[in-house]
Amino acid sequence: MQITKACPECGNVEFNINSSFENYELICNNCQNQISKISLERYVQLEANCYNCGSKSFKVKVKKLGDRELWTAVCTSCGNTPRKYCSDEDGNEITYDEREKLILKNDEEMYFQVNNPVDENYDVEEVISNLEDEIDEREEEIRLLKVEINSKEDEIRVLKNELDDRDDEIQDLNKRLVRYINNMSELQEEIDNLRKDY
Ligand SMILES: [Zn+2]
Ligand SMILES: [Zn+2]
């Protein structure tokens, strides 16, 4: 069922169109009451003057479709519907292709926003920053451990040198001992010989 909308304040059935981005308002041209705000398709705007005759006065037909009301403005003078055109957010007329690109870009931005909510993104950055700090700390610990290992290796080297020196000394002492033992045996032999002779 289709009805002709009347102003609830004064009963007038002629309206002006207050056009804006993706929607328009219907204003009673008798009492200036705002009747309704009507949504348009995305990146679409409605001309406030009749494209055919230039009239600013429109009648409105409302059709119920389920829960929704479909509003159609019709020029009071010539019966034409007001012209719709593709527009950017500032209301500038654009081509259909430009509109498609804007919708695509807008969808990508919305997709990006949905998948990367600002707060979550911030949280992720916070986590990354904390992990980077931890890596820095670990790297410092590793550096200190390497320094300690190096100093221990130096100590081991010094001890090894000392050990080598001690080894050398022991060998020397051994040689001397062998010499003394030989000497003693020679001396003993001499003593034995002397006793024989005596
Ligand atoms: Zn009115
Ligand atoms: Zn007209």
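Let me start with one pair of residues, Lys61 and Thr72, where Lys61 stands opposite Thr72 in β7. I should say at once that what you see above is a predicted model, and I will keep to what can be read from its geometry.

That pair belongs to a hairpin formed by β6 and β7, two strands that run antiparallel and are joined by 8 bridges. There are 2 residues between the strands, and Gly66, which sits in the turn, has a positive phi of about 65 degrees.

Stepping back to the whole protein chain, we have 8 strands and 2 helices, and the order along the sequence is β-β-β-β-β-β-β-β-α-α, with the strands preceding the helices. The overall dimensions deserve some care, since the C-alpha trace spans about 170 × 35 × 30 Å along its principal axes, and the radius of gyration is 52 Å, where a compact globule of 198 residues would have a value near 16 Å. Buried residues make up 9% of the 198 residues, while 45% of the contacts with a separation of 6 or more are between residues 24 or more positions apart.

Where, then, is the largest nonpolar core, and which residues make it up? It has 12 residues in all, namely Cys7, Phe15, Ile17, Tyr24, Leu26, Cys28, Leu46, Cys50, Phe58, Val60, Ala73 and Cys75. At least two residues of this core come from each of β2 (15-20), β3 (23-28), β6 (58-65) and β7 (68-75), and β3 supplies the largest share, with 3 residues. Phe15 is one of the core residues, and, leaving aside its neighbours within four places in sequence, Phe15 is in contact with Leu26, Ile27, Cys28, Asn29, Ile35, Phe58 and Val60.

I would like to finish with two loop residues that have a positive phi without being glycine. Gln32, in the loop between β3 and β4 (34-39), has a phi near 65 degrees, and Tyr43, in the loop between β4 and β5 (44-46), has a phi near 55 degrees.

Are these two buried or exposed? Gln32 has 11 other C-beta atoms within 10 Å and is therefore exposed, given that the cut-off for that class is 12 or fewer. Tyr43 counts as buried because it has 21 C-beta neighbours inside 10 Å, where 20 or more are required.

Terms used
Residues numbered from 1 in each chain as written. Chains lettered and ligands numbered in written order. Predicted model: local features only at pLDDT ≥ 70, side-chain atom pairs only at ≥ 80, totals over all residues. Helix = DSSP H or I, 4+ residues; strand = E, 2+ residues; numbered from the N terminus. Rg over C-alpha atoms; globule rule 2.2 N^0.38 Å. Contact = placed C-beta atoms within 7 Å. Core = buried A, V, L, I, M, F, W, Y, C linked by C-beta atoms within 7 Å. Pairing = 2+ DSSP bridges.
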